[in-house]
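Please open the model in your viewer and keep the sequence beside it, because each stop on this tour begins with a selection.

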Amino acid sequence: MMRWRASAVGGFLCAITAVEAHAHGVVGERAFIEPFITEDVNPKNEFVIARPEWDHSRDGSALSVGFGLEKKISDRFSLTLDSEWDTTDPKGPGELHEDGFNNLSISPKYAFFIDPEHEAVASIALEASGPTGSQNVGAEKDWAFKPFLLYGKGLGDLPSAVKYLRPLALQGDAGFEVSTDHDRTTTFAHNVAVEYSVPYLQSFVRDLGLRWPLSNLIADTEFNFEHGVNGADHGHTKAFATPGVVYMDRYVELGVAGRFPLNDRAHQELDWGIIWIVDLFIDDILPWTRWQVIGGMQPPSGLPGGSAP
């Protein structure tokens with residue numbers, strides 16, 4: 001019995017660390033990651049069980065632990081529920097430690113353009129945040145909405161002369177953050193993620209013979225911009241950089257990145273930060289979650305190249 005249990009545990013561990021091609025966020029030969037800040041362009045079945053972020057600034061420090069569940073309703077349409085637990089430790093005299101949940105958000109997302117040959121995808125989404133959180137941690141007391149455009153493009157169609165650039169990919173989102181509170185600043189937010197995929201390099205450019213876990217790593221550098229459209233921050237821009245790396249296999253994505261200000265306005269808010277992500281691909285861990293309202297039970301996600309796992 002002990003031998004059987006050891007074999008079962010060993011098999012499970014081998015399964016979750018398999019170095020097969022990724023099967024989530026796949027467009028043609030490209031598997032897109034779940035970025036740290038930038039919104040993922042692809043509708044997926046996934047559970048971000050933790051997205052902790054530790055920020056240090058001149059005013060103190062803050063820890064937020066985000067989490068979210070995304071469920072596909074059809075092949076191109078998904079719904080996401082997410083929130084976060086926030087903790088603040090201000091430096092000012094008389095200011096107290098505060099913690100609590102932030103507002104709950106729901107986001108429908110629809111992929112209206114998919115071009116597997118050119119590894120391109122575009123989606124539209126609407127994030128709606130309800131006043132469910134604690135104002136002690138800065139949760140807004142009014143509804144807020146963010147309609148935005150998402151895009152993704154792999155560079156696998158580059159000519160062979162620059163084949164080592166083919167593992168590069170871009171993901172981005174852009175949209176206005178609007179509140180029903182007219183005194184709150186309306187913000188135009190734009191995020192861009194630049195990714196370089198070692199799995200893509202080894203599978204479709206040149207096999208360097210890298211072993212696990214190096215063979216599952218994807219470098220990701222994100223640039224995050226917030227432009228004040230009206231209100232107190234009208235005409236001001238905050239710019240941040242978020243360089244990091246993720247490990248992604250068939251069942252999980254794990255990542256860590258730094259957060260750094262790129263201009264003076266951003267530096268007033270942040271000195272430095274660090275962010276992690278733990279993302280489970282639930283449709284392979286729990287196959288029953290592949291069921292969709294439109295389309296019923298779906299087969300396992302196809303691997304890059306169009307083959308079934």
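The tour below goes through a predicted model, moving from a group of paired strands to several salt bridges.

**First stop: strand S14**

Select residues 252-261, which make up strand S14. Is this strand largely enclosed or not by the rest of the structure? Seven of its 10 residues are buried, so S14 is largely enclosed by the rest of the structure.

Now add residues 237-248, which are strand S13, and you will have a pair of strands that run in the antiparallel sense and are joined over seven bridges. To find one of these bridges, pick Gly244 and look across to S14, where its bridge partner is Ala257. Follow the chain from S13 to S14 and you will pass three residues between them, as the two strands form a hairpin.

Next, select residues 272-280, strand S15, which also pairs with S14 in the antiparallel sense, here over eight bridges. Which residue of S15 is the bridge partner of Arg259? Highlight Gly273, for that is the partner.

**Second stop: a link from the loop after S13**

Show the side chains of Arg250 and Asp284, which meet in a salt bridge at 3.5 Å, N to O. This pair links distant parts of the chain, since Asp284 belongs to helix H4 (residues 282-285) while Arg250 sits in the loop between S13 and S14, 34 residues apart. Both ends are out of the way of the surface by the cut-off of under 20% relative accessible area for buried residues: Asp284 counts as buried at 11%, and Arg250 is buried at 7%.

**Third stop: a link to helix H3**

Select Asp233 and Arg265, whose side chains meet in a salt bridge at 3.1 Å, N to O. Asp233 lies in the loop between strand S12 (217-228) and S13, and Arg265 in helix H3 (residues 264-267), so the pair ties together parts that are 32 residues apart in sequence. Asp233 is partly exposed, with a relative accessible area of 26%, and Arg265 counts as partly exposed at 24%.

**Last stop: strands S9 and S10**

Finally, select Glu177 and Lys146, where the side chains form a salt bridge at 3.9 Å, N to O. Glu177 lies in strand S10 (residues 168-179) and Lys146 in strand S9 (residues 144-154), so parts 31 residues apart in sequence are tied together. Here the two partners fall into separate classes, for Glu177 counts as partly exposed at 27% relative accessibility, whereas Lys146 is buried at 7%. If you wish to continue, the structure holds 16 salt bridges.

How values were computed:
Residues numbered from 1 in each chain as written. Predicted model: local features only at pLDDT ≥ 70, side-chain atom pairs only at ≥ 80, totals over all residues. Heavy atoms only, no water. Buried < 20%, exposed > 50% of the residue type's maximum accessible area, 1.4 Å probe, protein only. Helix = DSSP H or I, 4+ residues; strand = E, 2+ residues; numbered from the N terminus. Pairing = 2+ DSSP bridges. Salt bridge = Lys/Arg side-chain N within 4 Å of Asp/Glu carboxyl O.
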